[in-house]
Amino acid sequence: MEDQEVLTTLKILIIGESGVGKSSLLLRFTDDTFDPEQAATIGVDFKVKTLTVDGNKAKLAIWDTAGQERFRTLTPSYYRGAQGVILVYDVCSKQSFAKLDAWLNELETFATKHDMVKMLVGNKIDKEKREVSKDEGLKFARKHHMLFIEASAKTKEGVQCAFEELVEKEGIDSAEEDDGTSQAR
């Protein structure tokens, strides 16, 4: 039977400030590569990867954006129809963490699917000079009803798990009828 090959296609966005490691996370996940000299993304990069979660195959269309302001004209079309988002900050940069609220506001403004699954990723945990604690990341994620993981594109830690959890949660959410009672009261 060909049923095994029927794929769910999910549009996943990776957003966050320039230099937090969005492209490195994407390349580690899709190609299992890491380039310490990774150039800044110009506009939008796009990768497709098939992932099997709980016996179900999902085809992920992953959109990686430039974090710089000058590319923000792409924003509305980029967010359209996205089912999941990975919001990335650098654990060694308090400034990238402080900008998360602005990214969430942009997401709320342009996203067309308001029940999209959100994952907060604190990247670069392999580095020494941490400025954002795991607890701070967790608190922010809880406050905004997001999944949370810390990762390192360099060492691979947490990368696969971040995408798998997002897909798992997306699958659960889209399979359930949401009567609004699932949120904490």
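The lining of the second largest pocket splits into seven nonpolar, 12 polar and six charged residues. The classes here are Ala, Val, Leu, Ile, Met, Phe, Trp, Tyr, Cys and Pro as nonpolar, Asp, Glu, Lys and Arg as charged, and the others, Gly among them, as polar. Keep in mind that this is a predicted model, where local features need pLDDT of at least 70 and side-chain atom pairs count only at pLDDT 80 or more, while totals for chains, interfaces and linings use all residues. Residues are numbered from 1 along each chain as its sequence is written, and side-chain values use heavy atoms, with hydrogens and water left out.

Back to that pocket: about 390 Å³ of space lies in it. Of its 25 lining residues, Gly19, Gly21, Ser24, Gln38 and Lys124 are the closest to the centre. Helix H1 (residues 22–31) supplies the largest share of the lining, three residues. Helices (H or I, at least four residues) and strands (E, at least two) are DSSP runs numbered from the N terminus.

There are enclosed spaces too: the structure holds three cavities of 30 Å³ or more. On a 1 Å grid over the protein atoms alone, a cavity is a set of points where a 1.4 Å probe fits but cannot get out, a pocket is an open set with protein on both sides within 12 Å along at least five of seven lines, and lining residues have an atom within 4 Å of a point. Points are joined across faces, edges and corners, and a volume is the space filled by probe spheres set on them. The second largest cavity has about 50 Å³ of space, lined by Leu107, Glu108, Ala111, Lys113, His114, Met116 and Lys118.

Now for the packing. The largest nonpolar core (buried Ala, Val, Leu, Ile, Met, Phe, Trp, Tyr and Cys joined through side-chain atoms within 4.5 Å) has 26 residues, and Leu60, Ile62, Ile86, Met119, Val121 and Phe163 have the most contacts inside it. Helix H6 (159–175) is one of the elements supplying at least two residues; in fact H6 gives the most, five. Apart from this core lies another, of 23 residues, including Ile15, Tyr78, Ala111 and Leu120.

Ile86 touches (heavy atoms within 4.5 Å) Ile12, Leu13, Ile14, Ile15, Met119, Val121, Phe163 and Leu166, leaving aside residues up to four places away in sequence.

Finally, Ser93 sits in the loop between E4 and helix H3 (94–98). Ser93 counts as buried because its relative accessibility is 17%; the cut-offs are under 20% for buried, over 50% for exposed and partly exposed in between, with a 1.4 Å probe and protein chains only.
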